[in-house]
Amino acid sequence: MRITVVGGGYVGLTTGVCFAHLGNQVMVVEKIKEKVELLRAGRSPIYEPGLEELLQENIRQKRIIFTTNLREGIEFSEVIFICVGTPQRPDGSADLSQVEEVARETAKLMTSYKLLVEKSTVPINTHRLIKKTVQRYIRDPNITYDVASNPEFLREGSAIEDFLKPDRIVVGVESQRAKEIFEELYKDFDCPIIYTDPATAELIKHASNSFLAMKISFINMIADLCEKAGADVKLVADGMGYDKRIGRAFLNAGIGYGGSCFPKDVKAFIRIAQDYGLDFGLLREVEKINQERPIKFVEKIKGILWSLRDKKLAVWGLSFKPNTDDIREAPSIKIVDLLVREGAKLSLYDPKAVENFKVLFPEGKQVSYARDMYEALDGASALLILTEWDEFQRANLKRVKELMELPIIVDGRNIFETEHVKSLGFEYYPVGR
Ligand code: UGA
C-alpha cells in the first residue's frame, strides 16, 4: 500500500519506517528541512534502538522517502497518518494547532478520496473537529473522505518491537471503506484488532496510559509503606503480579514516571474529564504522588548524608528510562535541580542523554559530566542511580567501591540485589525494600 505519514517525530518516524519495513511505499512529510535532509541521508534524529538500521535498509529498498512538501504527501497516497506533536498547554490541555493545520491544509489540497488517521494522542472527539475542519476547507464538496483514530501504543526504547508486535491494534472508523483500508494495512498482524468508533478508540488510548501511570503511582505508595513497615516492594509486586487480573508489568517502584507521554497524558485526561463536567480525582492523586517522588528521593539522600553542601555525588542515569536519549519530564531533572540547590557537587553520567541534559544543566561549578560511569565516581560521597540502564546493572561493584570516598548507593530504580551489594561492604538504599 501507499501511505503518507505527516510528522517525523518519534511516532511518525517509527510508523513510517515500520510500515515501509512491512513492504508498503511510505512518504514522510516533515516541516523541518534539516530533519528531512538528515533522514534522507539515513540518519535518525532520535536515538531509538534499531531505528536507524531499519531506516537505512528501507531507503535502500526505495520503500520510504521524505519531503517537506505536504502537497506531495497528499498526492502520494489516500491514507494520511497524522503524527504531529500535541504539546501541553499551561492549563494541561493538549495544543492541537498542528493537527488542525494538517486537517486544514489536507482539505485544501485533496483532489480525491482520503482517509485521515489520527495516530498522535488526542482528546476524545478530536476526530469530529478534524472532520468539521476538512468539511469547511475542502475545495470540491463531491470529494469523499474519512477520519479514523488508530492510536499508537509504542514505548520509547522498544518502539520498533512494540509497533511490529503489538498486544493489540485499535481502530476507530465510521465507514466500511475506511475499515477495509485498515484490514488490508494490518492483514499480516496476528494480534487482536479492535474495530470501534473513533471516540472509543481515542478514549482507549488515554485510558490505557492513565491506567499504567496509576499502576506506577500505586506501587510507589506501596514502596513508601514498605520502607516504613520493613517489607519488600519487589516481592509485594511479584506477589500481586501473579494474579492475572493485576499483572506484574508497570509495578516497578522508583522515582516516578517521566517521558513525553504519561505526565502530559494524565494531565490532559484530567482536563478532558473536567471539560465534560467530571472530576477525575483519582488521576489527580496519581499525578500528585508522581510529582512528590523526586522530592522524597532527595529528602532520603539528605537523611543519609545529612548536609549536602559541597559533597560530591555521582549520578548514573539521566534519561527518563533506559535505551533512549530522551529527558523530557525525566525525574532526573527535578532531582538534579534540588541537589544543586542543596549545594552538592554533581558528576553526571548517562550512556545517551548527556548532550540533551547539558542544554538544561551546562557544565559549571556544581555540575560536571563524566565520560563513563566509573569516572563519575571519583571521590564521591554517594552514588545515585536514576535510570536502570543495563550497563549499570553489570557494573564492577568492587571497582565502584574503590573509586568512591564513601561506599553509599542510593538506588532510585532497584537495580541491585540488597544482600549482594551489602556483602561487598556498601551501604545500600533501594526503593521500598
Ligand atoms: C508510554 C506507554 O507505555 C506506551 O504504551 C505509549 O504508547 C506511550 O507512552 C505514548 O503514549 O506514546 P513511554 O513513555 O515511551 O511509553 O515509556 P514507558 O515504558 O511507558 O515508561 C514511562 C515512565 O514510567 C518511565 O519514566 C519509566 O521509568 C516509568 N515506569 C515504568 C516506572 O517507574 N515503573 C514501571 O513499572 C514502568
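**Close-up 1. Helices α11 and α12 meet in a left-handed crossing.** Welcome to this predicted model; we start with a pair of helices. The contact draws on V266, K267, F269 and I270 from α11, and on L283, R284, E287 and Q291 from α12. Sorted by class, the residues where α11 touches α12 are four nonpolar, one polar and three charged. Helix α11 covers residues 262-275 and helix α12 covers residues 281-305; their axes come within 9 Å and cross at roughly 150 degrees. Angles over 145 degrees count as roughly antiparallel, and α11 and α12 are therefore roughly antiparallel to each other.

**Close-up 2. Helix α9 packs against α12.** Here we stay with α12 and look at another of its partners, α9, which spans residues 198-229. The two axes are 9 Å apart, and the helices pack at an angle of about 45 degrees. So α9 and α12 are oblique to each other. As in the previous view, the handedness is worth a look: α9 passes α12 in a left-handed crossing. On the α9 side, the contact is made by S210, A213, M214, S217, N220, M221, A223, D224 and E227. Facing them from α12 are L282, L283, V286, I289, N290, R293, K296 and K300. In this contact of α9 with α12, eight residues are nonpolar, four are polar and five are charged.

**Close-up 3. Helices α1 and α3 cross at roughly 50 degrees.** This view turns to α1 (residues 10-21) and α3 (residues 51-60), whose axes come within 9 Å. That crossing angle makes α1 oblique to α3. The crossing of these two helices, α1 and α3, is left-handed. From α1, the residues in contact are L13, T14, V17, A20 and H21, while α3 brings L51, L54, L55 and N58. What classes do the residues of the contact of α1 with α3 divide into? Six are nonpolar and three are polar, with no charged residues in this contact of α1 with α3.

**Close-up 4. The ligand has 19 residues around it.** Those that come nearest to the ligand are F153, L154, E156, N209 and C261. Several oxygen-to-protein distances can be picked out here. For K321, an N or O atom of the side chain is 2.7 Å from an oxygen atom of the ligand. At N252, a polar backbone atom is 2.9 Å from a ligand oxygen atom. At E152, a polar backbone atom lies 3.4 Å from an oxygen atom of the ligand.

Definitions and conventions: Residues are numbered from 1 along each chain as its sequence is written. This is a predicted model: local features need pLDDT of at least 70, side-chain atom pairs count only at pLDDT 80 or more; totals for chains, interfaces and linings use all residues. Side-chain values use heavy atoms; hydrogens and water are left out. Axes are lines fitted to C-alpha atoms, for helices over the stretch in contact, and angles run from 0 to 180 degrees between N-to-C directions. Helices (H or I, at least four residues) and strands (E, at least two) are DSSP runs, numbered from the N terminus. Angles under 35 degrees count as roughly parallel, over 145 as roughly antiparallel, 65 to 115 as roughly perpendicular and the rest as oblique. A crossing is left-handed if the near helix is turned anticlockwise from the far one by less than a right angle, and right-handed if clockwise. Contact means heavy atoms within 4.5 Å. Ala, Val, Leu, Ile, Met, Phe, Trp, Tyr, Cys and Pro count as nonpolar, Asp, Glu, Lys and Arg as charged, and the others, Gly among them, as polar. A residue is near a molecule or strand if one of its heavy atoms lies within 4 Å of it. A polar contact is a pair of N or O atoms within 3.5 Å; within protein, one must be able to donate a hydrogen and the other to accept it, and residues adjacent in sequence count only if both atoms are side-chain atoms.
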